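Colleague: I've got this model open and I'd like a close look at one part: the place where the ligands sit. Could you walk me through what surrounds them?

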Amino acid sequence: MDQTEHLKVAFITPEMAPLAKTGGLADVTGALPKYLSRSGQLEVTVWLPFYREIKKKNLNLKLVATNLKLDIFPAESQKNFSIFEYQTEDFKVYLVQNDFYFDRDYLYGTPEGDYPDNGHRFAFFCLAALTGFKLINWIPDLIHAHDWQSALTLAYLKHVLATDGLYQKTRSLFTIHNLAYQGLFPPEILGQVGLPGYLFNPEDMEFYGRVNYLKAGLLYSEAISTVSPTYSQEIQTPEFGFGLDGVLRKRSERLFGILNGIDYQEWNPATDPALPAHYSRQSPAGKFLCRQELLRSFNFDAQSKQPIVGLVSRLAGQKGFDLLVKSLDEILKRDLYLIILGTGEKKIQDMLIQAVRKYPQKLGLKIAFDDRLARLIYAGSDFFLIPSRYEPCGLTQMYSLRYGTIPIVRSTGGLKDSVQEFNPQRLEGNGFLFEEYETLSLLAALDRALGFYQQKPFWAKLKDNAFRCDFSWEKSALNYYELYLKILRF
Ligand code: ADP
Ligand code: GLC
């Protein structure tokens, strides 16, 4: 890179807020490029499939190129693509359009399961993005790929395009947002997506008889990062390694942990248009009105003084719903409301629907993806519960704190790196943690939390500590920038 030029970084990602989102990955890829661009040192572009969800938004798009073809894909409908450009305030987004692959109801699959051709869909996306760089005449200094859906960019770069002079200087960072989702497909897929068959061996992409896309990201990148320092350590152990801990240990010199931030502009109780009233640390009164609105929207008594425990989450095994449901009888013996918003696995939905039938007076449930309601829950709740089995980073504890709501979390991954147990002697700490994935441990944390809720001076201090936390992106964006520079020197 010429010193006078900006460092060019291409984000390859299967989701980005606010265009297409199923979880925290979208929040990160929507915010980090913004803060990197604002540093003035980098030029960032984001590459994303053109999903139906994005089409419906009728954005102001510029057609960059059309009638493009990836000949290795069989039928006409599966070869063709176009590229559209979308200009955000701070950076450009490039959308890869192929309606056969991406014009569908969901991003990855229905509540019943994944789309069976996900292996082809995301291989197509990766190869199209690499083709796109040439078309827009913008060869990145660094590719920053996120999660298994983007990992094949690095396999193509290393094993198919290695002789292409254009990419000679392009380096890469692969970020693991969640090691549990790996993209596993039958061996034949390699040939079908234009990758050499010799990659089907244990030193490469083979994984217990199948092809593992995520492994390509781990092996063919110059460096790997995870979204919290604790998770970068945890995944090197068999307990959290999902079969890849050995691979990660081998690359531990090149494995880094950078804690996510949140977008303080987009998530601000003083301005959030989703809220019925606004508030801040200095003038917190509006939070009470949010609380009343939240109680009303679940048909609970808006005048009630009982604390509200909120929970907003994908309904997935990772998030601890088996522990929650097992503990519900005990939790709901306490004077509190529990309000849950989530979508995802049908099995978990059914368990929760059954629980609401049993506790209609105290348990509120909405099965939906509803950003507006999520924000009302962050604002209107007193506590926010995250009983995750594992958590690479977790953003919901950070949103809660930003909205003056106290997290009660399992001590794992990024939860451990962002929540500190409240200490009544020193008046420090911003929440409550529990270690064991067990009812007794969860209840003990809940009871400590409820105890301080009753003691006004402690409660006021806790909330003040919450408001004073700083998870803004500026610091983490700087960490990424430094890591990019380090990678270019490898
Ligand atoms: P993960 O990425 O594992 O789902 P995170 O805590 O990193 O977990 O991020 C979750 C993000 O998704 C947050 O922005 C949260 O508000 C949002 N979210 C999760 N479930 C819902 C839902 N049902 N409705 C609205 N937003 C949701
Ligand atoms: C993943 C993780 C979550 C993390 C998010 C953003 O979805 O499950 O913990 O916060 O990615 O990095």
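Modeller: Here is a walk through the two ligand sites, followed by the domains around them and a couple of backbone details.

Keep in mind that this is a predicted model. The protein is split into two domains, with domain 1 running over 7–261 + 474–489 and domain 2 over 286–470. Their C-alpha centres are 32 Å apart. The contact between them involves 22 residues of domain 1 and 19 residues of domain 2.

Let's take ligand 1. There are 23 residues around ligand 1, and the ones that come nearest are Gly24, Asp27, Arg314, Ala368 and Tyr378. Arg314 also makes a polar contact: an N or O atom of its side chain is 2.7 Å from an oxygen atom of ligand 1. The backbone joins in too. Asp370 places a backbone N or O atom 2.9 Å from a nitrogen atom of ligand 1, and Thr396 has a backbone N or O atom 3.4 Å from an oxygen atom of the ligand. On its own, ligand 1 has 560 Å² of accessible area, and the protein covers 94% of that.

Which elements build that shell? At least two residues each come from helix H1 (24–38), strand S15 (308–315), strand S16 (337–344), helix H13 (371–380) and helix H14 (396–402). By residue type, the shell around ligand 1 has eight nonpolar, eight polar and seven charged members. Domain 1 and domain 2 each give at least three residues to the shell.

Now for ligand 2. Here 14 residues surround the ligand, and His177, Asn260, Glu391, Cys393 and Gly394 come nearest. His177 has a polar side-chain atom 2.6 Å from an oxygen atom of ligand 2. Two other side chains offer N or O atoms to ligand 2 oxygens: Gln318 at 3.0 Å and Asn178 at 3.4 Å. The accessible area of ligand 2 on its own is 310 Å², with the protein covering 94% of it.

H1 turns up again here, giving three residues to the shell around ligand 2, the largest share. That shell is made up of six nonpolar, six polar and two charged residues. Where does ligand 2 lie relative to domain 1 and domain 2? Both domains give residues to its shell, so ligand 2 lies between them.

That brings us to the surface the domains share. The size of an interface is often given as the accessible area lost when the parts come together. Domain 1 and domain 2 bury about 1,500 Å² between them, and 58% of this is on carbon and sulfur atoms. On the domain 1 side, Pro111, Thr230 and Leu259 supply 23% of the area buried against domain 2, more than any other three residues.

Two backbone details are also worth a look on your screen. Most residues other than glycine have a negative phi, and most peptide bonds are trans. The peptide bond from Ala17 to Pro18, however, is cis, with omega near 5 degrees. Pro18 is in the loop between strand S1 (7–12) and H1, and H1 is one of the elements that supply residues to the shell around ligand 1. The other one is Asn137, which is not a glycine yet has a positive phi of about 60 degrees. You'll find Asn137 in the loop between helix H4 (118–135) and strand S8 (142–146).

Methods: Residues are numbered from 1 along each chain as its sequence is written. Chains are lettered from A and ligands numbered from 1 in the order in which they are written. This is a predicted model: local features need pLDDT of at least 70, side-chain atom pairs count only at pLDDT 80 or more; totals for chains, interfaces and linings use all residues. Side-chain values use heavy atoms; hydrogens and water are left out. A residue is near a molecule or strand if one of its heavy atoms lies within 4 Å of it. A polar contact is a pair of N or O atoms within 3.5 Å; within protein, one must be able to donate a hydrogen and the other to accept it, and residues adjacent in sequence count only if both atoms are side-chain atoms. Accessible areas come from the Shrake-Rupley method with a 1.4 Å probe; for residues, only the protein chains shown count as cover. Helices (H or I, at least four residues) and strands (E, at least two) are DSSP runs, numbered from the N terminus. Ala, Val, Leu, Ile, Met, Phe, Trp, Tyr, Cys and Pro count as nonpolar, Asp, Glu, Lys and Arg as charged, and the others, Gly among them, as polar. Domain bounds come from an automatic or database domain assignment. Contact means heavy atoms within 4.5 Å. Buried area is the accessible area (1.4 Å probe) that two parts lose on being put together, summed over both.
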